[in-house]
Amino acid sequence: MEKIAALILAAGPSSRLGRPKQLVEVDGQSLIERALDAASGAGYEPVLIVIGANHRQIVARIQKSGAEIVRNVDWKQGLGSSIRAGIERLLKSDPETSAVLLMVCDQPLVRAQQLRRLIDSRHRIAKPIVCSCYAGTVGVPAIFGREFFGELMQLGEHGAKQLLLSRPDQSAQITLPEAELDIDEEADLERLDSCY
């Protein structure tokens with residue numbers, strides 16, 4: 001059976017929200033814990049969480065989760081630095097991993113069921129990239145085969161979106177409307193409340 005790791009990107013400062021969004025509670029659970037539960041519940045292993053800003057508060061919340069915590073000291077350089085830190089750790093700690101799921105902690109409607117769909121699509125369609133399609137574009141959560149680890153470690157501040165857009169022939173897309181809602185400001189939390 002193929003081994004697919006999960007890399008949860010949670011290093012940002014949440015500047016627009018004004019407080020660490022990783023710790024925002026939804027149904028009695030923080031966003032970072034929801035993301036962890038979704039990844040592990042979908043069967044991804046190992047699960048790594050990349051943290052940076054507000055790292056002490058976040059570690060206090062997840063240190064007993066069983067996930068591997070990766071501290072990105074370069075978090076101010078953007079998403080690419082967190083992806084690089086996570087892939088570097090993954091290659092050291094679990095060199096047999098054949099693919100990685102990139103996900104963020106601020107898409108609270110993305111649960112294990114949606115993340116399992118990505119794995120199912122990877123096995124059924126046999127493309128090296130499986131990404132989510134929502135709001136007229138592609139994005140995370142997305143699975144990248146090992147052959148893309150080198151390129152993932154070279155990404156700039158904007159993360160993997162350009163890589164996804166530049167490889168349509170090598171990627172399968174699944175419609176994932178749940179990924180459209182991401183928490184960046186208070187208005188997004190109000191939108192989330194209306195979903196329940």
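**Helix 4 and the open sheet**

Q: Which elements are included in what covers the buried residues of helix 4?
A: This is a predicted model, in which local features need pLDDT of at least 70 and side-chain atom pairs pLDDT 80 or more, while totals for chains, interfaces and linings use all residues. Residues are numbered from 1 along each chain as its sequence is written, and side-chain values use heavy atoms, without hydrogens and water. Helices (H or I, at least four residues) and strands (E, at least two) are DSSP runs numbered from the N terminus, and contact means heavy atoms within 4.5 Å. The cover of helix 4 includes strand 1 (4–10), helix 1 (31–41), strand 6 (99–104), strand 7 (129–134), strand 8 (137–145) and strand 9 (171–175).

Q: Which residues of helix 4 are buried?
A: Buried means under 20% relative accessible area, exposed over 50% and partly exposed in between, with a 1.4 Å probe and protein chains only. In helix 4, the buried residues are A112, Q114, L115, L118, I119, S121 and R122.

Q: How far apart are the end C-alpha atoms of helix 4?
A: The expected span is 1.5 Å times one less than the number of residues. Helix 4 has 14 residues (112–125), so it should span 20 Å. The distance between its end C-alpha atoms agrees with this, at 20 Å.

Q: Which strands are the edge strands of the open sheet of 7 strands?
A: Two strands pair if DSSP finds at least two bridges between them. The open sheet has mixed pairing and the order 5-4-1-6-8-7-9. Each edge strand pairs on one side only; these are strand 5 (68–71) and strand 9.
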